[in-house]
Structures are given as C-alpha cells and as structure tokens.
Amino acid sequence: MSLRGLFLCLALIILAALVAPRGASAHAALVASEPATGAVLDKAPSAATLSFSEPVAPLVFRLLGPDGKPADLAGVTAAGSRVTVPLPSDLARGTHVLSWRVVSEDGHPVGGTLVFSIGAASGGVNATSATDRDPVVAAGLWLAKLGLYAGLLLGIGGVFFRSFAVVGPLSPGGLRRALAALLVAGMVAAFVGLAAQGLDALGLPASRLASASVWQAGFSTSFGRTTILAVPACAVAMAALFARRRTFRRILAALAMLGPGLALAATGHAAAAEPQILMRPLVFLHVSAIAVWAGALLPLAVALGEGGGRAALARFSMAAPAVFALLFASGAAIAVVQLGAVDALWTTEYGRILAAKLAAVALVLAIAAHNRFALTAPVLRGDGRAARRLVGSIVAEIALVLLIFGLAALWRFTPPPRALDVALPAVEVHLHGEKAMAEVVVTPHRRRDATVEIEPLDADGVPFRPLEVTLALAPAGGGMEPIRVVATPGADGRWLATIPGLAVGGVWTIRLDLLVSDFDKAQLQGEIALPTP
Amino acid sequence: MSKLLFAGAFGVLLVSASAASAHVTLAQSDAKLGSTYKAVLQVGHGCAGSPTVKLRVQIPEGVINVKPQPKPGWTVETVKGAYAKTYDLWGAKVSEGVKEIVWSGGSLPDDFYDEFAFRTYLTPDLPAGPLYFPVVQECEKGSERWIEIPAAGKSADDYEQPAPAVTLSPKG
C-alpha cells in the first residue's frame, strides 16, 4: 500500500471513530437526577442526587455558581447506582452548574454536568465568568477560532477550488504544502478550541489543561460538535489534496466542503439564535460561500504567480458574483437577527466588531472589484505585468480575509444584542373554569416587558376563539391593583399580550377574562410564580 | 407643588372610586316568582365619558312575556327566539319570545341619567335567588359590558362590571 493510501485509510478510520455515536459504549450513563437538568427551583436544595445506569464510584464534584466561581463539593456518597451530592447551604439565586465525574464498574470515568437554577436562571456561565477569565484561555479561544476559520475556509476551500477549478497538471509544490499546513492548523485549532472551551466552561486557568474534566467539559459545549465535524472534514480535504485520480479527488473535495458549513453552524452565537430552522442553514450558507470564495484566493495567487492559472481565474470571475451575493444575503440576514436594532451597531461591542468587519469587507470588495474589472481582462489576455499586480492584490485580499476572521473570532467574547435581551424561563399555567379553560405562558425578559401567550380552550379542552381576551395580573397578597392588558389575537389561535411592569419575581395572581359571546364572559383565575430577573 | 399633586391624586382617586360604583343596575332589586316584574335599567354614565348610543339587554331563560316600553328618541328592537322549554303564561303555552332588547339611535351624555324599561313575567320555574340580566352598553367611543355573573360564594361587589340583578323570592 502506498503512503498516500495509508494516509487515506487512516483518515477514514479517524472519521469513522469520530462520527460513531458516543453513547454506544457500555459505561455508566446518567439516567435521572434530582433536581433535573434545567430545573428552576424555588428553594435551594440541600443535596443533588444522580441516578446512573449501573453502580458507580464518585470521583470529582464541583459546583459553579452564578458568580462564576467554582467550588469543590465534599462529602459525596454513593449507594449502588445512586450518588448523593451535598450542596452548600448558602447557594445564591441564579443558575448553578454541577460538574460530576464518576467511575463506572468497568473502570471508565464518566463525567457530565447538571444545570439547575434557584429562583431563576441567571446569564450563561460564560457571561458571568468572562470578567476573570485567564488571559491564556482567552487567547486560546480566539486563536482556536481563527485557526479553525483558516483551516476550514482557506484550507478546505482551497482544496475545493484546486480540485474543481484548476485544470491541467497540478503543481505539486508550494500550494499543496500551504493547503496541507492550513488543514493541519485547522485540526490543531479544533483541539485547542476544545481545551479552551472546557477551561472556560469550568472557569479554570490554562494550567489545568491536563485535567480530563476540562476536555469532557469542552466536548459537552457546542464546540464539541464543531470539533467532531471539523477534524474529519480537514482529514478528508487532506485526502483530496493527495489523491491522484481526478474523480476521486473531486468527490473527496466536495465531501470535505460540507465540513465548514456544518462545523460552524454547530456552534457560535449566530447558529444558536432563533429561529433555529432558519439560522443554522443561514450560517451554513454564509460559511460555505466564504469557503468557496476565500478558498479560491490562495490557489489563484499561487497559480498566477507561477505564470499559469488563467483558466482558473476565468472560472473564478464567472462564479464570484453569485457566491458574493449569497455571502452578503446570508450575512445580512444573520446580522439583522443578531443586532435587533440599527443603533446596536455602535452602542454594543458586538455591533462595533460587526461594523469593523463590514469595513474590512468593504475594502475586500473594493479590491475584488478592482481585480475583476481592471485586472482580470488583461491577465486573461496574457499581460504579465497585470498578472503580477493581480497576485499582489490577491495577497492583500487574503490578509484582509485573515483580519476579518480575527474580528469574527472576537465574537466569542461578546454576546450579540439579541442575547442581551434574553428571555427568562417561561412560566406556564393552566387556568380552569366552568365555562372555559386556558393555557397561559408568561415569559419574563431581562430587559423588556414580559410577554404572555394565551390559548383559550372551551369546557371540553378544544381551542376556541373568544371575542375578546383581557388579562389582569397583580402580586399575590393584595394591596395593589392588577395590571390590566387587552390581548391581541395571534395567527395561530393564541392571544398575545405584553405586560409592562411584570418585572418583579414572586407569586402573582392572574385573571383572564374570555368574552365567549356578547353577553357571556368566562373568568379564569390562578396564581403564577415568576422568576426574578 | 406637592400639595397640588396630592390634591390631584386624591381627586383621581375619588373619580375612579365613583366611576367604579356607577354600574348599570335594576331599579327594583327584588321580585316575587310567578309575577309580573317591571325591569328598569338605570344608566348613570357613559363609557369613560363617551355618551351612550346603544343598550342591549339579554333576557335570561325563564323570563317570558317581555315587552319593552317605547322610549322617545330611541329606537327599540327585540330579538326573538325559542325558549329552552315551554312555559305556562296564565294558562297559555309559550315556547318562544323576546331574548334580547336593543335600544339604539339615541344619545345619552355621560353627565345625564336615564332609564330603560321593559315588562317581564318571572316564571315560577326560576330558582329563588339572584337573576342576572347581562347588559352591553355601547357608546360613541368604546363599550362597557355589564355581564359578569358572580361565581358561587362571591357577590357582585367582587366584580368590576357585574350584570344587573334582581333577587327572586317565592310567591308568598
């Protein structure tokens, strides 16, 4: 077997190992917990219990409070498959992350986290611990993103362009080495990112890198999925780079080209935004378009520098406008969702980074336009001076692209304006009356009025459409007039209302008036416990 | 300044308190079962200052032989329909009649008071206790619905817009 074949086999084995479902192993698995993950509790529990699929022995238990400071938990006891973790008595309100690690009977350690909130969920763990993040970890997070972008977009994109657009004999020298280096950088970055994400999630300094729980935590973040997708994609691209037969090369390159979009749609603020069904495909399109366009730059520069590449340039300049259009349309849509308002472009850090990125993109666009309209035609005619100028111009573009990647990687540290306005966990209540019922979902927001969704049901539980729906809310205990709001009918039979002033947590009485007919009103009453923002 | 504010706030309090008590009510608040009852709806105000232009009252089941009293300046209409069952009216069988009365075409300013009357027969089939006549008051701007019927164990005082009621007692 040739060295190339060996490498290919190795790549496929790695791919298979990484893609294989992780839960298939026979180690102990967490089957239930009290509190359940994601639970919002009224009172701090004195202990947490974890139930596993088989007997386990406890290893390490840590609790990360809303202040972002992790603390070791002592006194953990195990009885068979049940582990009891005593919790500190002075748990603060907000979201806590219980990191658990046990060893199962077969000797394999298993770890995971359990997220629960007391009173109400507070901002993400990252958001609270961001202030005292280890600078080495922060640098790792940034470099990992940058390396990942370079490997996935320039590396895989380059392989793709080289496989499809570069016709004629391939020069085996510089370009292949450069692309291979980019792909390796991408793979290394994926693992660096995993470690940095793990350290960041647990709030540990970089010196704790060797700890297995760090990697475990890294894997449990969305970046874990990115790694699982990015590393095999780079490996397949590498195989395409070294494949000798053109058809095989193209199949591998096309397969690898799915990687950037999938890997980056699996993580990050943009992909996590609602509506998911729209945002993830948008991120996929945006990233794929970048890979197609930016990936072409390096092969083009190298080919033109070596005195060839005219056919590739012709293909590139033909496809570029459509790819650019896709890139901008998807980018604009993502920006709209993430920003929420125009002034966020300069009032928030996220927006300022976007503004800087847009400025760099405008510069790239100007260079690209110059290349396209002033240089491409002479180069295609065989003008040597124009070709040299085009190479210089493309190198400048690549530098700007790297700058853009660096800016985009900074978003790891700035929540988008959308996320600043996060909704607190919704509270659902079923109101029951003789004539009618209703499902009410109250969603308090950190920075704006609470929203309420009401689904009116008749006495048999069948949705119906009242003439009017009015809502009255007051803190339980009396002494205050209720906040009255008229709901407006939504598209799907639900009625919507926003409740100004519904910011204070605690128990509120809620009354719902459903006007069944002109002379008939159903009044429903209940209580609702709201989290404190 | 603060005194002025206080006075203003107190004034608002008074106004809001009086607005809440000025319901649409029935002039005669009790009646005997199996007798003729002249229902007089008292309207003491419009809708948040807007003049009343229409008044609709729903006739509850068991109340028959309904005849509105003509009212100068207002058009009176009735909506007729079938009763849930057949009632005995002085020996005659009655199975349909007025279910709703509508006064419209007039205009009753918020500052004025007026009465809207109709005659009824309260069948002995009705249960003793409160009987509600839900009223919808429509104004130039907005409307008020006096249609709240107190749940068991509650009184009209617990509601903001209770339906006008008459308390029925057995004929004795």
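In chain B, residues 24 or more positions apart account for 69% of the contacts with a separation of 6 or more, where a contact means heavy atoms within 4.5 Å. Chain B holds one helix and 12 strands; these elements are DSSP runs numbered from the N terminus, helices being H or I over at least four residues and strands E over at least two. Read along the sequence, the helix precedes the strands, in the pattern α-β-β-β-β-β-β-β-β-β-β-β-β. Of the 172 residues in this chain, 42% count as buried, that is, under 20% relative accessible area, against over 50% for exposed and in between for partly exposed, with a 1.4 Å probe and protein chains only.

Before I proceed, please note that this is a predicted model, in which local features need pLDDT of at least 70, side-chain atom pairs count only at pLDDT 80 or more, and totals for chains, interfaces and linings use all residues. Residues are numbered from 1 along each chain as its sequence is written, chains are lettered from A and ligands numbered from 1 in the order in which they are written, and side-chain values use heavy atoms, with hydrogens and water left out.

I turn now to the interface. The size of an interface is often given as the accessible area lost when the parts come together. Chain A and chain B bury about 1,000 Å² between them, 43% of it on carbon and sulfur atoms; this is the accessible area, with a 1.4 Å probe, that the two parts lose on being put together, summed over both. A:Asp518, A:Phe519 and A:Lys521 supply 63% of the area that chain A buries against chain B, more than any other three residues. The contact draws 11 residues from chain A and 14 residues from chain B.

Which residue forms a salt bridge with B:Glu148? The partner is A:Lys521, with the closest N and O atoms 3.3 Å apart. The rule, a side-chain nitrogen of Lys or Arg within 4 Å of a carboxyl oxygen of Asp or Glu, finds three salt bridges across this interface. On the side of chain A that touches chain B, β17 (506-517) and β18 (520-530) each supply at least two residues. Strand β18 of chain A gives the most to that side, with four residues.

Finally, A:Leu229 lies in helix α6 (residues 222-242) of chain A. This leucine is partly exposed, with a relative accessible area of 32%.
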